[in-house]
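Colleague: I would like to go through this model with you, starting with how its side chains pack and ending with its charged pairs. Please show it first.

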Amino acid sequence: MRTTLPLILSFLIGMFMLGEFFVPHWRYQMVKGFILEFGTLLASAAFLLGIINLIQVNLPKIKNREKDWGYKALMLGSMVITIIVGLAEGSHRMQAYELATVQGSPTEEIQEIEVDESLKIMALSTPEGSEMPAVAIEVSLPLQADQEGIKLAPDADPRFKLTRRKIPLNNIDKETSGGTQDNQIIQYTLTGNKSIEQIEVLESGGASTLMMPRNRPSIRKTIAYKWIFDRIFIPLSATMFALLAFYIASAAFRAFRARNLEATILLAAACIVMLAQVPIGEQLPFIGDYLAQFKEWILDTPNVAATRAIYIGGALGAISTGLRIVLGIERSHLGGD
Amino acid sequence: MLKWLIKIQEMDRRWIFLGMALAIVIPLLFPFNQDFNDDPKVIDIYEEIESLPAGSPILVSADFDPSSMPELWPFFRANLHHMFASDIKPVFVTLWPTAQPLILPEIQKIAALYEKEEGKDYVYLGYKEGKELVIKNIGQNIPQQYPKDYRGVPVSEIPLMTGLNQAKDFPLIIGVTAGFPGLNEYILQIQGQYDLKIVGACTAVSGTGYIPFYKSGQLKGLSIGIPGSAQYERMVSHKKGVEPFKEMGKSGLNVLSMSHLFIIMLILLGNVAYFISKRVEER
């Protein structure tokens, strides 16, 4: 019974789903949809199973202080914290934008601002006292000139303030752009009141992001789940993938040797595709265009031929394996012998 | 001389790591302009979206994670600008749990730039686990798979979702894919069955695997890796009505150029040292 019932179920459901392509009747399609729903439920349950399995495998190792038990404890602890935080914050857990302290972002010099223009900015705003997550707003701040330079017009949005200071030219990189008066650069800083964070300049006659003041105090509660994702998961995930580049370079140096004809062809094809895939290869004098065309030929002809062969072979194998599972010939998924 | 040639071949890999690090960091610190041509596969994506009348819905499946952001994020952002500027009504879904926190804030931020209203001009249905089963259900019955959007609003009450019950109700599907499940599964599960029009962006490592689908017409357009994203970004940024945005693909192209040149140089160096040392040994 232990293996018979799953085999019967596999056969019935498998044959039913195969019939989907041959039976267009709406009742058949309705039942198929119902089965697919169960499938997504099972897939979601598999997540839970994975968590339980992770705990079952690692907790004894932590208890027995086996090798690297500290890392396993860290992994389980991180998982538990993230789950608790996510559940506690509910549907708001991912709606929040930036939070905590807005440190001074890398400063960029402001280019000259035409007096007749306004500063078009986008900012994140939450009305004071509100518990809602910040929303993006677009604001146009009219400007006017005076003897010192540029400032906000009196009718500008009162939530914003534009301050300025002069920086001697010898203190900054002379190649950065900016309006100069008497060997100085005027640096503008746009800040907002308590309800504003993360200002980004969209349009100002060529100006880019304004300098943010350093050590700006935190002005609203931290959305922890988003913080965990933005400050821990994203950098770690990106770092792990970035490591690949270095190992690929090392492997390419050691493994790509033209020891025989096949290796030479592989090597040559790899180098041509790598070179032609980037603009530098396309722009090479005399051979750039030919290189690009040859790269396209490599990708469009031998690559497509080989990939199609692999896909067809894989599909035939999948059909064969699927039929074996549906017909009960293949039983490895049931466990045991 | 043989000693030096052997030393080169057995070079400590930390020197290679250092060289690679410089090839990556220097172009980021000192960016340079490179002219590049537009791939016809990427032009096709742009033209497909341009050919849609204003108000058309598009299904966008954003399936990537932070590790594939350098390649796909520029495309995704540019695509948001393109759709909102063209008054296209996107319906977003994702099959990867790590994509939701990335894409949702960006969708809301860029939608706000174009004064688009959630529910009327765009919808984010959320993340569902189930991989190919979800895709199959998207093909057959979207409200059954997504009875509510991510906010908990029933799909039947969302104005934009009126009449959009199956994948074939969308004139175009865009897949931004970093792996499984993604474009490949959309093609396998529902493209042929419902004769859907699908375009997509993918990482460079999986790009060669999608070219056969483009050649056979199963994919109507394809953007591969950073070059594809940079080309698409440039096309979109030149379109009238698009709010200015920073083209991130260009700086990625600089890094790509330098790192590719470095790897090619390493391969050539290794082979030259190998052949010369082989000759010297034979003598």
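Modeller: Contact here means heavy atoms within 4.5 Å. Keep in mind that this is a predicted model.

Colleague: With which residues is Phe76(B) in contact, leaving aside its neighbours within four places in sequence?

Modeller: Phe76(B) is among the residues that touch the most other members of the largest nonpolar core. Once the neighbours within four places in sequence are set aside, its contacts are Val60(B), Ala62(B), Phe64(B), Phe92(B), Ile103(B), Ile107(B) and Val176(B).

Colleague: How many residues are in the largest nonpolar core, and which element supplies the largest share of this core?

Modeller: The core has 45 residues, and Ile58(B), Ile174(B) and Tyr232(B) are also among those touching the most other members. Elements that each supply at least two residues include α4 (224-255) of chain A and, from chain B, β1 (57-63) and α10 (225-237). The largest share, nine residues, comes from α4(B).

Colleague: How many residues are in the second, separate core?

Modeller: Among its members are Leu95(B), Val134(B), Ile158(B) and Phe170(B). This separate core has 38 residues.

Colleague: What span should α4(B) have, and how far apart are its end C-alpha atoms?

Modeller: The helix has 17 residues, and 15 of them are buried. At 1.5 Å a residue, α4(B) should span 24 Å. This agrees with the distance between its end C-alpha atoms, which is 23 Å.

Colleague: Turning to chain A, how many helices and strands are there?

Modeller: Along the sequence, chain A follows the pattern α-α-α-β-β-β-β-β-β-α-α-α-α-α. Buried residues make up 33% of its 337 residues. The count for chain A is eight helices and six strands.

Colleague: Is Thr40(A) buried or exposed?

Modeller: Thr40(A) lies in helix α2 (residues 26-63) of chain A. Beyond its neighbours within four places in sequence, Thr40(A) is in contact with Glu129(B), Gly130(B), Leu133(B), Val134(B), Asn137(B) and Gln145(B). Because its relative accessibility is 10%, Thr40(A) counts as buried.

Colleague: Which residue forms a salt bridge with Glu20(A)?

Modeller: Glu20(A) sits in the loop between α1 (4-18) and α2 of chain A, and the pair crosses between chains to a residue in helix α6 (residues 132-140) of chain B. Both partners are buried. The closest N and O atoms are 3.0 Å apart, and the partner is Lys136(B).

Colleague: Why does Asp87(B) count as partly exposed, and with which residue does Asp87(B) form a salt bridge?

Modeller: Asp87(B) comes just after α4(B) and takes a positive phi of about 60°. Its relative accessibility is 28%, so Asp87(B) counts as partly exposed, since buried means under 20% and exposed over 50%. Its partner in chain B counts as buried at 18% relative accessibility. The closest N and O atoms of the pair are 3.0 Å apart, and that partner is Lys116(B).

Colleague: Which residues do salt bridges that share partners join into one network?

Modeller: One pair is Glu296(A) with Lys295(A), whose closest N and O atoms are 3.2 Å apart. Glu296(A) counts as partly exposed at 23% relative accessibility, whereas Lys295(A) counts as buried at 7%. The network joins Lys295(A), Glu296(A), Asp39(B) and Lys41(B).

Conventions:
Residues are numbered from 1 along each chain as its sequence is written. Chains are lettered from A and ligands numbered from 1 in the order in which they are written. This is a predicted model: local features need pLDDT of at least 70, side-chain atom pairs count only at pLDDT 80 or more; totals for chains, interfaces and linings use all residues. Side-chain values use heavy atoms; hydrogens and water are left out. A nonpolar core is a set of buried Ala, Val, Leu, Ile, Met, Phe, Trp, Tyr and Cys residues joined through side-chain atoms within 4.5 Å. Buried means under 20% relative accessible area, exposed over 50%, partly exposed in between (1.4 Å probe, protein chains only). Helices (H or I, at least four residues) and strands (E, at least two) are DSSP runs, numbered from the N terminus. The expected span of a helix is 1.5 Å times one less than its number of residues. A salt bridge is a side-chain nitrogen of Lys or Arg within 4 Å of a carboxyl oxygen of Asp or Glu.
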